[in-house]
Amino acid sequence: MSAPVTTAPTVAGAEPMNHRQTLEALSGLLLVLFVAMLSSTVVSTALPQIIGALDGSQNQYTWVVTATLLTATATTPIWGKLADLFNKKTLVQVAIVIFVLGSIISGLAQSAGQLIAARAFQGIGVGGLQALVQVVIAAMIPPRERGRYNGYLGGVMALATVGGPLLGGVIVDTSWLGWRWCFFVGVPVAVIALLVLQATLHLTTVRREDVKIDYLGAALIAAGVSLLLIWISFVDGSFAWISWQSAAMVGGSLLLLALAVLVETRAAEPVVPLRIVREHTTALAIVASLAVGMAMFGGAVFLGQYFQIGRGYSPTEAGLLTIPMMVGVLGASIVAGRLITRSGRVKPYIIVGSVVLVVGFLMLGTIDHRTSLIFVGAAMLLVGVGVGMTMQNLVLAVQNTVALRDIGAASSSVAFFRSLGGTIGVSVLGAVLARRVTEQITHDLAAAGVPASASGSAGGSLNLNGLPEAVEHIVRNAYGDATGHIFLISAAIGVVGVIAAVLLRPITLRTSLDLPATTPATAATAPATADGPAGGRGGRPNPRT
């Protein structure tokens with residue numbers, strides 16, 4: 001039997017939202033999505049000053065960023081499941097309040113430990129906002145029409161990803177602001193978004209009497225993912241890849257996640273319904289999302305470092321130099337979204353975007369400290385185009401295959417693995433970069449005949465101002481030359497995304513919010529046959545029913 005519609009967009013509980021009303025509600029959602037993503041990127045250029053002012057260590061430096069990513073990633077599927085059980089508008093507002101409180105506490109932190117704890121709390125709100133915005137949009141707009149709005153989403157994500165480091169640079173370079181405003185800056189915008197959503201977002205919810213929350217499954221998933229991310233953050237720094245610490249943490253993480261799978265198979269209301277994750281489109285979209293996550297997070301992090309350390313530009317200049325990526329994401333999101341709305345077909349754009357993403361990474365894989373900025377800009381543009389054509393459309397393909405009651409779990413599953421892939425990618429690529437930089441600095445210092453005492457801690461410090469000119473030149477060259485190698489790794493991972501995109505089944509997006517309320521056999525094939533044939537594969541039984 002098809003799933004009952006639990007949420008339907010209405011204005012005053014009666015008429016469907018028209019285009020103007022949808023844009024009004026969407027404006028609040030885009031504002032809060034912007035500040036949620038901005039919270040992770042705006043601190044990237046300010047971290048040296050923040051940790052210095054709080055007298056923190058290099059280990060704490062990493063955890064200011066990792067703490068937010070960790071809690072956001074671990075809580076994303078939980079928020080998604082809650083969205084399938086409770087009022088979506090209320091949940092978005094709760095997530096905004098958590099985010100605002102976390103931002104204020106972060107800005108008031110008096111020590112690095114307090115800041116890390118506040119950022120972890122803030123990450124709970126970030127995870128909710130990243131998951132719930134997608135869910136609410138899916139409850140407002142049918143998949144076929146959703147393509148035209150993906151351009152707005154892609155533009156907001158691009159602006160936050162690329163503009164965050166630029167804004168952070170401007171804040172720390174402005175004497176009357178200071179680094180604390182990196183956390184305070186999003187608060188008024190989030191409050192405005194809260195008020196806009198209260199006035200413009202109207203979603204009616206049919207109360208369910210049999211609601212059950214799988215607390216055990218949620219706890220096991222959060223613990224398993226957190227332990228894995230903690231291991232990734234510390235491995236190759238605090239302990240070796242092959243060590244008892246690695247074995248204990250990886251083994252413990254796998255055990256917790258295996259127990260989570262066992263619990264999810266038996267739970268009445270699982271946090272991550274396995275029938276959805278096992279579905280052909282969702283499984284392949286998850287694989288492809290790993291590559292997109294690495295592009296979205298890794299690109300901004302390491303390109304900003306490349307421009308600042310490898311090429312000697314200021315934080316503000318580094319932010320400006322990454323604009324081509326933002327332009328690529330925005331332009332590709334708008335164009336692809338409108339073409340998808342017109343044709344109803346999404347697979348061709350995901351394939352093309354995945355291929356363009358790999359080409360962009362391959363181009364970035366050739367850069368060094370002397371590469372023309374025009375060439376680097378062209379490569380970033382291609383990476384941006386690839387992200388813009390794949391990121392939102394992978395979520396769209398998944399949402400098209402599930403009933404409205406499962407939109408939250410399905411959307412958050414893709415967002416969860418994209419965030420997880422981005423977090424793992426940043427940690428692993430960062431470890432590879434650090435190793436190559438250290439090896440090259442050591443080699444070049446020895447070749448130049450510079451004694452070890454003159455190099456100081458050049459291999460581990462990002463503060464180059466106090467180094468001798470000759471040593472500073474060697475360190476900058478090392479970062480500029482080593483950055484290209486990590487993008488070659490990204491390109492290799494991107495190939496997996498291309499393969500996953502090719503294996504996606506051709507589908508035509510449905511024009512209804514929910515699956516048609518028909519017989520079980522028809523409902524099972526509805527996503528593949530709605531509004532036209534889908535490559536002749538619509539007759540295969542769907543495991544989600």
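Leu-70 touches Trp-63, Ser-226, Leu-229 and Ile-230, once you skip residues up to four places away in sequence. That contact list comes from a predicted model, so keep that in mind as you look around. Besides Leu-70, this briefing visits Gln-93 and then the places where helix H16 packs with H14 and with H15.

**Leu-70 in helix H3**

- You'll find Leu-70 in helix H3, which covers residues 58–85.
- Is Leu-70 buried or exposed? Its relative accessible area is 8%, and buried means under 20%, so Leu-70 is buried.
- Now try Leu-70 and Ser-419: they sit 349 residues apart in sequence, yet from C-alpha to C-alpha the gap in space is 9.1 Å.

**Gln-93 in helix H4**

- Gln-93 belongs to helix H4, the run of residues 88–107.
- Gln-93 has 16% relative accessibility, and because the cut-off for buried is under 20%, Gln-93 counts as buried too.
- Which residues does Gln-93 contact if you leave aside neighbours within four places in sequence? They are Leu-194 and Gln-198.
- With Gln-198 there's also a polar contact: the two side chains are joined at 2.7 Å.

**Where H14 meets H16**

- Helix H14 is residues 323–343 and helix H16 is residues 373–401; their axes come within 7 Å and cross at roughly 40 degrees.
- How do H14 and H16 lie relative to each other? Angles under 35 degrees would count as roughly parallel and 65 to 115 as roughly perpendicular, so this pair is oblique.
- The crossing of H14 with H16 is right-handed.
- On the H14 side, the residues that meet H16 include Pro-324, Met-325, Ala-332 and Ile-340.
- On the H16 side, the partners include Gly-377, Met-380, Asn-393 and Leu-396.
- Sort the residues of this H14 and H16 contact by class and you get 14 nonpolar, six polar and no charged.

**Where H15 meets H16**

- Helix H15, residues 347–364, packs with H16 at an angle of about 150 degrees, and the two axes are 7 Å apart.
- Angles over 145 degrees count as roughly antiparallel, so that's the label for H15 and H16.
- Is the crossing of H15 and H16 left-handed or right-handed? This crossing is left-handed.
- The class count for H15 with H16 is 21 nonpolar, six polar and no charged residues.

Technical notes:
Residues are numbered from 1 along each chain as its sequence is written. This is a predicted model: local features need pLDDT of at least 70, side-chain atom pairs count only at pLDDT 80 or more; totals for chains, interfaces and linings use all residues. Side-chain values use heavy atoms; hydrogens and water are left out. Helices (H or I, at least four residues) and strands (E, at least two) are DSSP runs, numbered from the N terminus. Buried means under 20% relative accessible area, exposed over 50%, partly exposed in between (1.4 Å probe, protein chains only). A polar contact is a pair of N or O atoms within 3.5 Å; within protein, one must be able to donate a hydrogen and the other to accept it, and residues adjacent in sequence count only if both atoms are side-chain atoms. Contact means heavy atoms within 4.5 Å. Axes are lines fitted to C-alpha atoms, for helices over the stretch in contact, and angles run from 0 to 180 degrees between N-to-C directions. A crossing is left-handed if the near helix is turned anticlockwise from the far one by less than a right angle, and right-handed if clockwise. Ala, Val, Leu, Ile, Met, Phe, Trp, Tyr, Cys and Pro count as nonpolar, Asp, Glu, Lys and Arg as charged, and the others, Gly among them, as polar.
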